[in-house]
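Hi everyone, thanks for coming. Let's look at one protein together, starting with its overall build and then turning to a few charged pairs.

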Amino acid sequence: MHDGHALVLGGGGVAGIAWITGLLAGLAETGDDVTGADVLIGTSAGAAVAAQLGSGLPLAELLARQTDPELQAAEIPAGVSLDKLAAEIGASLAGVTTPEQYLRRIGAYALAARTVPESARRAVIESRLPGHEWPGRVIRLTAVDAHTGELQVFDRESGAGLVDAVAASCAVPGVWPAVTIDGHRYVDGGVRSSDNADLAAGYRRITVISPLGFDSPLPSPLPLREVTGQLRDGGSEVIVCVPDEASRGAMGANPLDPSTRAPAAQAGLAQGRAGLRAAAD
């Protein structure tokens with residue numbers, strides 16, 4: 001058992017980025033700052049937040065980048081609801097019987113989808129990140145190989161650039177293009193798990209911040225509730241923070257809608273100000 005602290009940041013679109021940022025800022029105000037964890041494990045929206053935390057900017061500035069229109073990233077609107085996306089992905093999984101088949105089928109679905117060009121999407125990710133180089137602290141970002149279905153964890157030793165690693169982790173199948181890194185095509189790490197909290201196994205203290213929560217509408221071979229139980233059985237102290245009712249309302253039915261950023265960030269801030277134990281599910 002590692003005596004350190006792992007901070008796991010899950011997926012949830014631009015609304016998820018904003019909510020996580022607000023929640024972290026609110027927690028810090030109450031003395032429950034968890035951003036100094038020994039390792040940051042980021043998936044999709046959580047990958048973007050992990051990279052932003054690694055930039056060294058204070059939480060107040062990161063929060064302002066979500067709430068101030070003049071500081072917000074130049075996002076591409078995506079008109080899709082999570083329920084609709086889940087239905088489309090579910091339809092593509094007919095006949096699948098194993099997790100490996102599941103992930104390869106989603107990869108094929110992603111590769112066949114018509115999306116914006118990779119270059120346009122990469123420019124969005126660049127604008128999200130205050131810095132484009134891997135930080136000195138330990139950050140692990142998840143993606144899935146679209147052809148093989150294998151998990152890929154990117155860090156500063158992986159050879160991938162930070163922007164590309166975040167873009168790969170945020171490549172929502174059917175919405176954004178798969179990301180090319182060293183000849184491989186990668187899709188959103190959230191197709192394996194919205195949070196990939198299992199990667200924190202062995203840490204004594206684990207804080208999971210999950211915008212999609214325990215009842216994500218998106219199918220997953222590794223449901224958070226199941227993984228959390230396994231981590232606790234392994235001896236870890238696990239705290240899971242999920243959006244409260246006000247935060248869910250602010251994030252809305254389409255968390256890929258850039259207009260959700262300010263309200264989701266403010267709702268996360270209010271939730272975080274209640275303290276870590278109050279924010280935990």
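The protein has 11 helices and 8 strands; these are DSSP runs, H or I over at least four residues for a helix and E over at least two for a strand, numbered from the N terminus. Its radius of gyration is 17 Å, close to the 19 Å that the globule rule gives for 281 residues, so it is as compact as a globular protein of that length. That radius is taken over C-alpha atoms, and the rule is 2.2 Å times the number of residues to the power 0.38.

Please keep in mind that this is a predicted model, where local features need pLDDT of at least 70, side-chain atom pairs count only at pLDDT 80 or more, and totals for chains, interfaces and linings use all residues. Residues are numbered from 1 along each chain as its sequence is written, and side-chain values use heavy atoms, leaving out hydrogens and water.

Now, how many salt bridges does the structure hold? There are 10, each being a side-chain nitrogen of Lys or Arg within 4 Å of a carboxyl oxygen of Asp or Glu.

One of them joins D3 and R204, with the closest N and O atoms 3.1 Å apart. This pair links distant parts of the chain, 201 residues apart: D3 sits in strand β1 (residues 2–9) and R204 in strand β7 (residues 203–209).

Another pairs E126 with R122, at 2.8 Å between the closest N and O atoms. Both lie in helix α6 (residues 118–128), 4 residues apart, about one turn of the helix.

Thanks for listening!
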